[in-house]
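User: Hi! Could you walk me through this one with me? I'd like to go over the charged pairs and the links.

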Amino acid sequence: MLQGQLGGPAGDFVEPYVLAHEYGHHIQNLTGAMGKVRTQQGPLSDAVRLELQADCYAGMWTRAATNTGDTSGDPLITDISEQDMADAVAAAKSVGDDRIQQQSTGRVDPEGWTHGSAEQRQRWFLTGYQQGSMEACDTFSASQL
């Protein structure tokens, strides 16, 4: 779907990005962040904050993947290349609400957003990758998304 319907990239690191984002939702469930969602739509909604936080967690996972071992002690991923990062950022961009709305209806309505803009999704993924901390990923306290 990401590549076919949404025009997302086909690179090797797209699937790990998506899995890391979804795993981020699991972390949110464990930490209680999912219980903070009260508003479902809009550019500053809790739903958008939840999705952007999952992107940030995906960035954190990407940062840690080369230093985290599997049960044998081997790194989960041996190397994150510039192309891997470009693929992940392009995947985040392709699932921005603004981009999806533009492709499907020809117009952008931020009041209908549930996942955040393409720029926000990219920026929060990179925040997680660059800063690598839960505090940096606190989108619920962030004044600017």
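User: Which side chain meets glutamate 119 in a salt bridge?
Analyst: That would be arginine 123, at 2.7 Å from N to O. Keep in mind that this is a predicted model.

User: Where do glutamate 119 and arginine 123 lie?
Analyst: Both are in helix H5, 4 residues apart, which is about one turn of the helix. An α-helix has 3.6 residues a turn, so residues three or four places apart point the same way.

User: Is that pair buried or exposed?
Analyst: In between. Glutamate 119 is partly exposed, with a relative accessible area of 41%, and arginine 123 is also partly exposed, at 26% relative accessibility.

User: How many salt bridges does the structure hold?
Analyst: There are 2. Besides the pair of glutamate 119 and arginine 123, the side chains of arginine 121 and aspartate 55 meet at 2.5 Å, N to O. Arginine 121 belongs to helix H5 and aspartate 55 to helix H2, so this salt bridge ties together parts that are 66 residues apart in sequence.

User: And why do those two count as buried?
Analyst: The cut-off is under 20% relative accessible area. Arginine 121 counts as buried because its relative accessibility is 3%, and aspartate 55 because its value is 0%.

User: What else is buried in H5, and what covers it?
Analyst: Along with Arg121, the buried residues of H5 are Ala118, Gln120, Gln122, Trp124, Phe125, Thr127 and Gly128. Their cover includes helix H1 (14-31), H2, H3 and helix H4 (97-105).

User: How far does H5 reach, and what follows it?
Analyst: H5 has 14 residues and reaches 20 Å from its first C-alpha to its last, close to the 20 Å expected at 1.5 Å a residue. Glycine 132 follows H5, with a positive phi near 60°.

User: What about H2, how much of it is covered?
Analyst: H2 is mostly covered, with 17 of its 20 residues buried. From first C-alpha to last, H2 reaches 28 Å, close to the 28 Å expected at 1.5 Å a residue.

User: Switching topic: how many disulfides are there?
Analyst: Just 1 disulfide. Cysteine 56 is joined to cysteine 137, with 2.0 Å from S to S. The pair links distant parts of the chain, 81 residues apart: cysteine 56 sits in helix H2 (residues 46-65), while cysteine 137 is in the segment after helix H5 (118-131).

User: Is that link left-handed or right-handed?
Analyst: The link of cysteine 56 and cysteine 137 is left-handed, with -75° about the S-S bond. Cysteine 56 and cysteine 137 are both buried.

User: Now aspartate 84. Where is its place, and how far away is the nearest side chain of opposite charge?
Analyst: Aspartate 84 is in helix H3 (residues 82-94). The nearest side chain of opposite charge is arginine 63, 16 Å away. Aspartate 84 is buried yet has no salt bridge.

User: What is aspartate 84 in contact with, then?
Analyst: Leaving aside neighbours within four places in sequence, aspartate 84 contacts Phe13 and Asp79.

User: Last one: which elements have the lowest and highest mean pLDDT?
Analyst: Among the elements of the protein chain, H3 has the lowest, at 91, and H5 the highest, at 97. The protein chain averages 91, and 94% of the residues score at least 70.

Key: Residues numbered from 1 in each chain as written. Predicted model: local features only at pLDDT ≥ 70, side-chain atom pairs only at ≥ 80, totals over all residues. Heavy atoms only, no water. Helix = DSSP H or I, 4+ residues; strand = E, 2+ residues; numbered from the N terminus. Buried < 20%, exposed > 50% of the residue type's maximum accessible area, 1.4 Å probe, protein only. Lys, Arg positive; Asp, Glu negative; His and termini not counted. Salt bridge = Lys/Arg side-chain N within 4 Å of Asp/Glu carboxyl O. Contact = heavy atoms within 4.5 Å. Disulfide = S-S within 2.5 Å. pLDDT = per-residue confidence, 0-100. Expected span 1.5 Å × (residues − 1).
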